[in-house]
Every structure is written in C-alpha cells, then in structure tokens.
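Open the model in your viewer and keep the selection tool ready. This tour tells you what to select next and what you will find there.

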Protein chains: 2
Amino acid sequence: MNNFNFDNRTKIIFGKGTESEVGKLTKIYGKKVLLHFGGGSIKRFGLYAKILKSLHENNIDFIELGGVAPNPRLGLVNEGIALCRKEKVDFILAVGGGSVIDSAKAIAMGVPYNGDVWDFFDGKAFVEAALPLGVVLTIPAAGSETSTATVITKEEGLIKRGSGSPLVVPMFAIMNPELTYTLPNFQTACGAVDMIGHVIERYITKVKNVELTDRLCESVIRTVINNAPKAITNNNDYNARAEIMWSGTLAHNGLVGTGRQDDWASHGIEHELSAIYDIAHGAGLAMIYPAWMKYVYKEDVNRFAMFANKVFNIDINPFDLEETALKGIKALEDFYVSIGMPIRMSDLDIDGKNIDLMAEKATLNGKMTLGAFKVLDINDVKAIYKLAL
Amino acid sequence: MNNFNFDNRTKIIFGKGTESEVGKLTKIYGKKVLLHFGGGSIKRFGLYAKILKSLHENNIDFIELGGVAPNPRLGLVNEGIALCRKEKVDFILAVGGGSVIDSAKAIAMGVPYNGDVWDFFDGKAFVEAALPLGVVLTIPAAGSETSTATVITKEEGLIKRGSGSPLVVPMFAIMNPELTYTLPNFQTACGAVDMIGHVIERYITKVKNVELTDRLCESVIRTVINNAPKAITNNNDYNARAEIMWSGTLAHNGLVGTGRQDDWASHGIEHELSAIYDIAHGAGLAMIYPAWMKYVYKEDVNRFAMFANKVFNIDINPFDLEETALKGIKALEDFYVSIGMPIRMSDLDIDGKNIDLMAEKATLNGKMTLGAFKVLDINDVKAIYKLAL
C-alpha cells in the first residue's frame, strides 16, 4: 500500500426533499451568490422554483447564469468570471450535474486570478485562491460534487482539458435521488458507465497489498451494475436511484483510491473523442474501457481475473487466468450493451479518420504519456482507438 | 435507505514515516499546544522523541500531560482542563490510541465550558465550543481519530459514559502503521474486535435497501478478519498493519452507516462490563457480540444469513436460513477465539454476581432502553449478560 493523504470536506445532505435546505446552507458561506445551471430541465421539473423559494426565504442576494452545456465550454466560464467580478459574487451555487459543477469550479478558480483561467488547464498556473461553492446535484455521474477536478472544453480547436484544486472541492452537496427520476434512460446509463469508470481508474493498479480498497472498489461497481438496470426499468425507483447517486460520489471522492496509484489513461483517451464528436462522456467511456482493457490486461492478468470474479461472479479458472480475465472484460461489455450503451465507435457511426488527430491531442503531439498501470505513448493510444472502432 | 448527512473533516496523513509531519500540521492550528499521551510506550519506542523534534523544528510552544490509562478517567480530564486554561492552550495534540484521543476530546469540550464537563456525558449540556485537536495514532481500534465520540469513566461509581460533538472531530490524523508494530498481540486482537464491532453496530439494521453500505460493511469486516491473524503472526507485517489501521478508521468515520440506523446496544452493554472489571473494551465486546447476536437474530434471520455468507463465505441454505445465520455467529466466535480473545465472561473468571447491577447501570435503572435493531429493556440486557457467562 502506498502512503496517502485523504481529505474530503464536502458536507453531504442526502435524501428525499433535501433541496429545501439549500438557502440555509448557502447563507453560511455567501452574501452574494451566483446561481449557475444548465438548460431548461431544472425549470421544467420545478427544482428552479424550489431553489428560488429557499434562497428568498433566507434573504440571499443572488444573480443567475444558466446555459451550461454538456462538455462545458470556456466561453461561458469567462462570462461567469466577468459577471462574478462585476457583481462582487462571493459564493457559487451550482445546480445540475457534472458539467454545471465543473463550469462553476472553473469560474471559482478564475475570479481571483489575474491571468487567463485557461492557464490552469494548460498547466501554466497553479490555483492559489478560489471562491467557495455549493452544489445541488441533479445528475449523478461525474462525482464532481465532492471532487477537486473540473474538465472544460476550449472552443478553439475543441481542446478538452482537466484541472483542479482542493480549493474548489464544494462546501456542501445536496443530493436528493428523487431529482434524478426525470433523467432520460440514456443519461442514467451514461452516468453508470462514468462512475464505474472512476472506480476502474483506481482499481486497475500495479500497487500491491490494497485489499480493503480492492473490496471497496468492487462494492461500488457491483452496486452500480445491480441498480442501473432497475432505474432504467422503473425511473421512479427511489432505492435504485439512491444507490446509484451515493455510488457516484464514493466512486470519485478519493476514498477508493487511497493507497493506490490511479491510471486515468482511458479518461484522457475518451476526452478527445467527446471533444471532437460532442458525444456523451459516458458513451465514449463505454467504447474506450473495453478497448483499453484488452490492450493492457496482460500487465497483470491476475488482477483482471479478480475483477471478473469479484465484480461479475465469474468462476476463476486456476488453469487459465487469462480466460477468466477476458470473460470479465466481455461481461463488462455485455453490461454496457444491456443498459443501451454503444461499445464500439461504429455503434455511433464514428470511423477511424480522426484517430491520428485524437491521439496527437491526447498526448500533446506525442510529448506526453498517459496512464500508470501501463504507460501509453502515442502509438499505444492509436492502437486503443483502433480496438474501439 | 434513510436520509442522512455525512461530513468528515479530518485530514488523513497515512503511511510510513508520516509522524515527521506533525509539527508542520500542528502549526496550522495552534500557537500553544497541549501534548497529551498515555503511559511510557511512546517514550520507550522513540515516538516521543520524534514528535518533540518535529514540534521544536516548527517552533511550537507546548506543555505536556501524560498518564492517560485505558478506559480514560474523568480525573485526568479535569486536570487537563485546568492546565489548558492556566496555560492558555489553543490546540490539543493527542498521541496514542482511543483512550488518549477520547481524553483529549473531553478536555477540548471542557476548556471553554463554564460548568462541569461531566454534564456533556450526563446529557445535561450540549457542546457549543471546543478546542481544536489533532492526532498521532498509535493504536488502531477505537476509530476516535475521525469520530465525533468520546467515552470517559467517572471514578465515583465507575460510571462509563459517551458523549460527542462534530466540534471535537480531529483536524488531522497522522497514521503510520509502523507505529503499531510494538502493540502486544492481545491489544491487536482487541482492536480487531472493536473495529468489527463498530461495523456490526451499523450492519445489523432494520433499514431496507442499503445495498452499497452493506457491501462496504462486509468489505471492512473481511479485511480485518483476513489481516488481524497476519499481524499477530508477524508483528512487523506492514501491509497487514496498514489494512487494519485504515479499516479501523473507515469502520467508525460514519461512512459505512450512511442511510442506515445504527444500533449500539452491545457497546452500551459492554461499557458496564469494562467499567466494573477494567477489562479491555475489545475483550468485553468479544463476549457481548455473540451473546447479543444469539438474542436478537430472529428479528431478521435473512440479514444474519447474509452476514454469514458475505463475511464468512458460508453457503446460504435456502431451506434453513436460521441454520445459516447461526453458523455465521459461530464463525464470528471462532474467529475471536483464533486471535486469542475471550468469548465468555467465564474465560476471564467473571461470574454473574454483578449482572443485575450492570443491567441497572446500562439502562439507568430501567428507565432507558438500548439499541434499535431490537429495542432492549433491562430484562433483555440481563438475559444478554447471562448468555455471555
């Protein structure tokens, strides 16, 4: 087990009706609030009205910035930064899913910074101050509600990059599973793929003697696999929605990665796919993970056999661990298909013509490697895209 | 799943050599520090010298109060409160196990309070302010390094009572598994029983649809069961010590209880046993849990069958779930015995003569019930002590 630090300050308020506490919580941290959200769904389903009621009841002064799109864009982030400065905002309330929270985090980082906020995503600057933020979560998937991370896409060149800081970990996250009843099934499925992915990035590691966190990883993945189909069959299944929502947080708050070395190659490889084709991140991951697994499993066949056994109850064949390992990868593909996910780029009519370009972007023209379980260079990345065709 | 709040601010610094960071961390929170510890073991094994070096290097002004005994006493707590007030201490650094941390928490609660600190343990007052504290953990077991709870024994009448507050959750916990190499095997075993107990108090619940946390509970218990024997066989097995240490924290930081209803009857019943006989808390729990389980399992045989299956790999007999349930309880007893724990009061030559007295104390003369999975009155508590004879 590696040495580690673990630290997560986000106060979780989880369960039915909890969105009514938003005003009371916001008041602790902010005097002038930016209410940040996405499209019209929060208005359509009544959440917007409830939030406004709670803010008004607590006499909170706020301004609004809606319009965050999936794969959130730098343009709106810059708009938010300017607005916060002009209006002297001291707290950001993000109402939505990962895109809205990521956009809010980028604004929070940008407001006190004298340069271009993209510097943080380009690796040219380090976050030294940020506005505090809070979250009302409506889409469980990204885990952004308690994480340090944010992913933003720069319109020019469609460059999708991550950044982050402990300073942008939300102060609170209100999580009511009922708010996820109205999610389209496709989005529920994408969320399931994304949260399983967050665990896989930690589970597939070369660090030895990580027994407790192995078991925690498997627990989260199994719970998502058991409950996503229930939520898709019956959108209003509170218990399935609750299991998924809490799994999404634990998949990405750092806990299941304690003492291990994360990988993150697949996330990097997928980001170029969704940046160019503007597909859902979860759908992209459903194509990339099986391809990545097939490409890297020989680095530690035993670990992949354990994955097959502990996650999918596949008997371990002690005479042929590779067979077991491959059955596990196939079972993951079968699960993705069962919840309506694409598992090949061709399922979304994406051909191979941009593979070289994507591999170049993912590796900064071959100057950067990806991953840790198996360190990938530009040719490895191209090979993985090809396996996903 | 029940609604819940989850919030844990403790910064964990985990791994080899991490005690050298104590000065740097302490400096963030305190100008004048009380260094609080137990007996001579931290001096004997060199930890005391390392801590002093780190405090000196960071120019931290501190005073010392040692002498915390297992089942920490109110007398020393009051001494600590007086000392902190006199010396204008603003931060407490607890170096030790659960007893030292609990004593530190009680002092932290008492310093800014105008009345008798025992009021918090008697339910007569509510903690509204406390000094901040930090921890260097040397005995993994109590989980006190990230918990809200403290248990103190009042010498007069040997009354052992718990209290707590989010305000006494430590700011940081330094956890180096190497520091636990010198623990006597008996104490390692007691710790294992205690941390398994913290999970059982959450696992055995009547709340339905708590799948993720069921799996997390089982993960922690299994990890302790796999690794405690290794640490006892080879005291310097870093990986086993690390698994146990991290399990001890996750068993009691609130995570595995999210969305569930805790029980805590067994802890209450045990406290009277260790208060009167001054036995180790873990040893007391090893006697009480099997008795409690035998007394309550019929409330939900299915859950106990799941415990047998998921924790001990016992096949579920679908025609006789009760048989499976009882095998699970027996397996837990067998595990306790295998690590050298007593499982009956008679194993420590304790007879039944104080059963009525202990049951009266545990239930405040019958005025209070214990537990939630099965609500226990004074007669139930007597019956459980008898089953443990």
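**Stop 1: a strand in the middle**

Select strand 5 and strand 8 (residues 172–175) of chain A. They pair in the parallel sense over four bridges. Zoom in on Val135(A), which stands opposite Ala173(A) in strand 8 of chain A. Bear in mind that this is a predicted model.

Now add strand 4 (residues 91–96) of chain A. It pairs with strand 5 of chain A in the parallel sense, over five bridges. Here Leu93(A) stands opposite Gly134(A) of strand 5.

Is strand 5 (residues 133–137) of chain A mostly covered or mostly open? It is mostly covered, with five of its five residues buried. Colour its two faces separately. In a regular strand the side chains alternate between the two faces of the sheet. On one side of strand 5 of chain A you find Leu133(A), Val135(A) and Leu137(A), and on the other Gly134(A) and Val136(A). All of them are buried, and both faces are covered.

**Stop 2: the nonpolar core**

Select Ile92(A) and Ile92(B). These two have the most contacts inside the largest nonpolar core, which has 263 residues. In soluble globular proteins, nonpolar side chains tend to be buried together.

What does Ile92(A) touch, beyond residues up to four places away in sequence? Select Leu34(A), His36(A), Ala104(A), Ile107(A), Ala108(A), Leu131(A) and Leu133(A). One of these, Leu133(A), you have already met on a face of strand 5 of chain A.

**Stop 3: two loops**

Go to Gly97(A). It lies in the loop between strand 4 and helix 5 (98–110) of chain A. Is Gly97(A) buried or exposed? It counts as buried, because it has 26 C-beta neighbours inside 10 Å and 20 are enough for that label. Leaving out residues up to four places away in sequence, Gly97(A) touches Thr138(A), Ile139(A), Ala141(A) and Ala142(A). For a distance check, pick Gln261(A) as well. Gly97(A) and Gln261(A) are 164 residues apart in sequence, and their C-alpha atoms are 27 Å apart in space.

Next, select Ser165(A), in the loop between strand 7 (159–164) and strand 8 of chain A. Ser165(A) has 18 C-beta neighbours inside 10 Å, so it counts as partly exposed. Not counting neighbours within four places in sequence, Ser165(A) is in contact with Met109(A), Val127(A), Ala130(A) and Thr148(A). Try another distance, this time to Val77(A). Ser165(A) and Val77(A) are 88 residues apart along the chain, and 17 Å separates their C-alpha atoms.

**Stop 4: the whole of chain A**

Zoom out and show chain A as a cartoon. It has 15 helices and eight strands. Its radius of gyration is 20 Å, close to the 21 Å that the globule rule gives for 389 residues, so chain A is as compact as a globular protein of that length. Along the principal axes, its C-alpha atoms fill a box of roughly 70 × 45 × 45 Å.

Colour by burial: 57% of the 389 residues of chain A count as buried. Then consider contacts between residues at least 6 apart in sequence. In chain A, 78% of them join residues at least 24 apart.

**Stop 5: where the chains meet**

Show both chains. How many residues of chain A are in contact with chain B? There are 31, and they meet 31 residues of chain B. Select strand 1 (4–14), helix 8 (211–233) and helix 9 (238–250) of chain A, the elements that give two or more residues to this side. By class, the side has 11 nonpolar, 12 polar and eight charged residues.

Now focus on strand 1 of each chain. Strand 1 of chain A and strand 1 (residues 4–14) of chain B pair in the antiparallel sense over seven bridges. Ile13(A) stands opposite Asn5(B). Follow strand 1 of chain B to strand 8 (residues 172–175) of chain B. These two pair in the parallel sense over four bridges, and Ile13(B) stands opposite Ile174(B).

**Stop 6: the axis**

Finally, turn one chain onto the other. A rotation of 180°, with 0.0 Å of shift along its axis, superposes chain A on chain B (RMSD 0.0 Å). The two copies are therefore related as by a two-fold rotation axis. The same surface serves both copies, since 100% of the contact residues of chain A recur in chain B. Which residue of chain A comes closest to the rotation axis? Select Arg9(A), whose C-alpha is at 2.5 Å.

Key
Residues are numbered from 1 along each chain as its sequence is written. Chains are lettered from A and ligands numbered from 1 in the order in which they are written. This is a predicted model: local features need pLDDT of at least 70, side-chain atom pairs count only at pLDDT 80 or more; totals for chains, interfaces and linings use all residues. The radius of gyration is taken over C-alpha atoms; the globule rule is 2.2 Å times the number of residues to the power 0.38. A residue is buried if 20 or more other C-beta atoms lie within 10 Å of its own, exposed if 12 or fewer, and partly exposed in between; C-beta atoms are placed from the backbone. Two residues are in contact if their C-beta atoms, placed from the backbone, lie within 7 Å. A nonpolar core is a set of buried Ala, Val, Leu, Ile, Met, Phe, Trp, Tyr and Cys residues joined through C-beta atoms within 7 Å. Ala, Val, Leu, Ile, Met, Phe, Trp, Tyr, Cys and Pro count as nonpolar, Asp, Glu, Lys and Arg as charged, and the others, Gly among them, as polar. Two strands pair if DSSP finds at least two bridges between them. Copies are superposed by least squares on the C-alpha atoms of residues with pLDDT of at least 70 in both.
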